[in-house]
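Visitor: I have a model open and would like a walk through it. Where do we start?
Guide: With two helices, then the cavities.

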Amino acid sequence: EFQERVRLPSGRHRTVLREAQYLLGSGDRARRLGVEDPDLRTRLELLWDLAETISFLHEHGVVVGDLSSRNVLWRSDPSGLILVDCDSMILGGVGSPHPPTTTVDWDDPAQPDMAAASSDVYKYGLFVLRALARTFQGRDPAAADAFLDSTAQMLLGRSLSPDPGLRPRADAWELWTTGRSAARSSGRQSQPTPVSPI
């Protein structure tokens, strides 16, 4: 369920890993590749799952490090994800003796040469922005405003702050997902911050 058949320019098909990069870009791109183009609800559910995953890892002293659209695999039915290419993860401050790997355009400009929980939050913010605004390189949190409630807009703005000290912890994002998970289970919107418009 974490694989995808994509259509090559030649017209032939190839089975590839269903990386989160296929969540980025326009619906036209998805149709051209012949891949699933999930609706906003599914995108939000995947973002909630990722927030909960990162918060869980941080709670247990694990820093992801190289968090990017190439290192997250997803499925939509039922929604879920797994992290791959985990050689940059750090447990309890101990990781590879080599400098951390960072995927191009998924770097934290404030901490380019280190893996830190605050950098994971920055990269998660990029995930939220890019999966909702459907862009590959955007870094302006305002581009996702139309898809997020006021609480998430605030979290996203802080997550993408150039000052790591101003970024929220991952569990702040997890707390935001709690009401949404309840809404997802009951089929209703939660209060006081309803699920984003879809």
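Guide: The axes of helix 2 (residues 40-59) and helix 3 (residues 117-133) cross at roughly 175° and come within 10 Å. Axes are lines fitted to C-alpha atoms, for helices over the stretch in contact, with angles from 0 to 180 degrees between N-to-C directions; helices are DSSP runs (H or I, at least four residues) and strands are E runs of at least two, numbered from the N terminus. That crossing makes helix 2 roughly antiparallel to helix 3 (an angle over 145 degrees).
Visitor: Which residues of helix 2 and helix 3 make the contact?
Guide: Among them are L47, W48 and I54 of helix 2 and Y124, F127 and V128 of helix 3, where contact means heavy atoms within 4.5 Å.
Visitor: Is this model predicted or not, and how are residues numbered?
Guide: This is a predicted model: local features need pLDDT of at least 70, side-chain atom pairs count only at pLDDT 80 or more, and totals for chains, interfaces and linings use all residues. Residues are numbered from 1 along each chain as its sequence is written, and side-chain values use heavy atoms, leaving out hydrogens and water.
Visitor: New topic. Which helix gives the largest share of the lining of the largest cavity?
Guide: Helix 2, with four residues. Strand 4 (72-76) and helix 3 each supply at least two, as does helix 2.
Visitor: What classes are in that lining of the largest cavity?
Guide: Ten nonpolar, no polar and one charged residues. Ala, Val, Leu, Ile, Met, Phe, Trp, Tyr, Cys and Pro count as nonpolar, Asp, Glu, Lys and Arg as charged, and the others, Gly among them, as polar.

Conventions:
Parallel < 35°, antiparallel > 145°, perpendicular 65-115°, else oblique.
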